[in-house]
Structure formats: C-alpha cells, structure tokens
Amino acid sequence: MTAEEDSIEQAAAERRERLKALREAKELFNAKDGDEPKEDENKSLKFRNYLPHDEKLQEGKLAPPVLPKFEDPIAAVPPPAEKTEDPFVNIAPKKPNWDLRRDVQKKLDKLERRTQKAIAQLAEEQAKENQESAEENGETASGGD
C-alpha cells in the first residue's frame, strides 16, 4: 500500500511541477518586451451584446461582427414547377364519416349478427312451409288419382 501511495504522491508532485512550468511559460509568452505581467493593469472590458450606460465604458463597446454572405447552392437552383394543390383538400379525410363509423361500429356488429339470425330463421320457416305445402300437394295429388 505504501508503495502505491508513494507512486501516487510522486505522480501528483510531477504534475504540479508541469503545471507550474506551463503557467510560467504562459506568463513569459504573454509578457511584452520583458515586462512582468500584472493582472489588474490594462484590463479593458469588451461589450459585444451589452450597451453600457456609463460614458467611460462606451469605449469598450465593440462593433457588431460582419458576417460573410452565405449563398446556398440548393436555393440558387429554382425548384421544378409542380402543380399547386389546394392545401385544404389534404386536410379533409378521404371518408368524411369515418369518426361516426368508428363510434357506431359495435352497434352495427350487433345488428349484423341479429340480421343474420333473422335471415336464417326466415329461411328455415320458408323451407318448412315449402315442405308442408309439398306434402299437402303430394297427398292431394296421390289421393285424387
């Protein structure tokens, strides 16, 4: 454990030394003609988006940047002429009663089942009547001969 702690401390010390050397190099680079850098001296404020009210601070106001003109290559080519449709045509649904059908669908299903049962019942009754009438006709035809 102590060997790991020693290596961590040694790495931290080396890092501190490197950072200190970088700071000193930065100060030397920023220093003008061998002058030592002074932190509070000659600091000027630059106002890009703020318009100061104080006349002393008006000097720090920067002119807005001039942006180069951007030419969009896609916008330069005019789009091909297409038929213009009325935008309100696309708003309306294809079937104007779709919401009514959706709301009434359960009732329609129930009625459809009842209708099918009624048709089947009528068909059975008609078949019975036909059978009975055929029997009556058969009896009268065979009995009359």
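How many helices and how many strands are there in the chain? In this predicted model, the chain holds four helices and zero strands, and the elements follow one another along the sequence in the pattern α-α-α-α. Of the 145 residues of the chain, 2% count as buried. The accessible area exposed by the chain amounts to about 15,300 Å², of which 54% is supplied by carbon and sulfur atoms.

Helix α1, which comprises residues 2-30, was examined for its length and for its exposure. The 29 residues of this helix should span 42 Å at 1.5 Å a residue, and the C-alpha atoms at its ends are 42 Å apart, so the expected and the modelled spans agree. The number of buried residues among the 29 of α1 is zero, and the helix therefore lies largely in the open.

Helix α4 covers residues 98-144, and several surface features involve residues of this helix. A positive surface patch is made up of K107, K110, R113, R114 and K117. Of these residues, K110 is found in helix α4, and its relative accessible area of 47% places K110 in the partly exposed class, because that value falls between the limits of 20% for buried and 50% for exposed residues.

A patch of negative charge is also present on the surface, formed by E124, E125, E129, E132, E135, E136 and E139. E139, one of the residues in this patch, belongs to helix α4. With a relative accessible area of 56%, E139 counts as exposed, because the value lies over the 50% limit.

A nonpolar patch on the surface is formed by V104, L108 and L111, which together contribute about 240 Å² of accessible area. L108 is likewise found in helix α4, and with a relative accessible area of 39% this leucine is partly exposed; the value qualifies L108 for a patch because patch residues need over 30% relative accessible area.

With regard to charge pairing, the structure holds one salt bridge. The salt bridge is formed between D103 and R102, whose closest N and O atoms are 3.2 Å apart, a separation that satisfies the criterion because a salt bridge requires such atoms to lie within 4 Å. Both D103 and R102 are exposed.

Note on methods:
Residues numbered from 1 in each chain as written. Predicted model: local features only at pLDDT ≥ 70, side-chain atom pairs only at ≥ 80, totals over all residues. Heavy atoms only, no water. Patch = residues over 30% accessible without salt bridge, like charges linked within 9 Å, V, L, I, M, F, W, Y side chains within 5 Å. Areas by Shrake-Rupley, 256 points an atom, 1.4 Å probe, with all protein chains shown as cover. Salt bridge = Lys/Arg side-chain N within 4 Å of Asp/Glu carboxyl O. Lys, Arg positive; Asp, Glu negative; His and termini not counted. Charge placed at Lys NZ, Arg CZ, Asp CG, Glu CD. Helix = DSSP H or I, 4+ residues; strand = E, 2+ residues; numbered from the N terminus. Buried < 20%, exposed > 50% of the residue type's maximum accessible area, 1.4 Å probe, protein only. Expected span 1.5 Å × (residues − 1).
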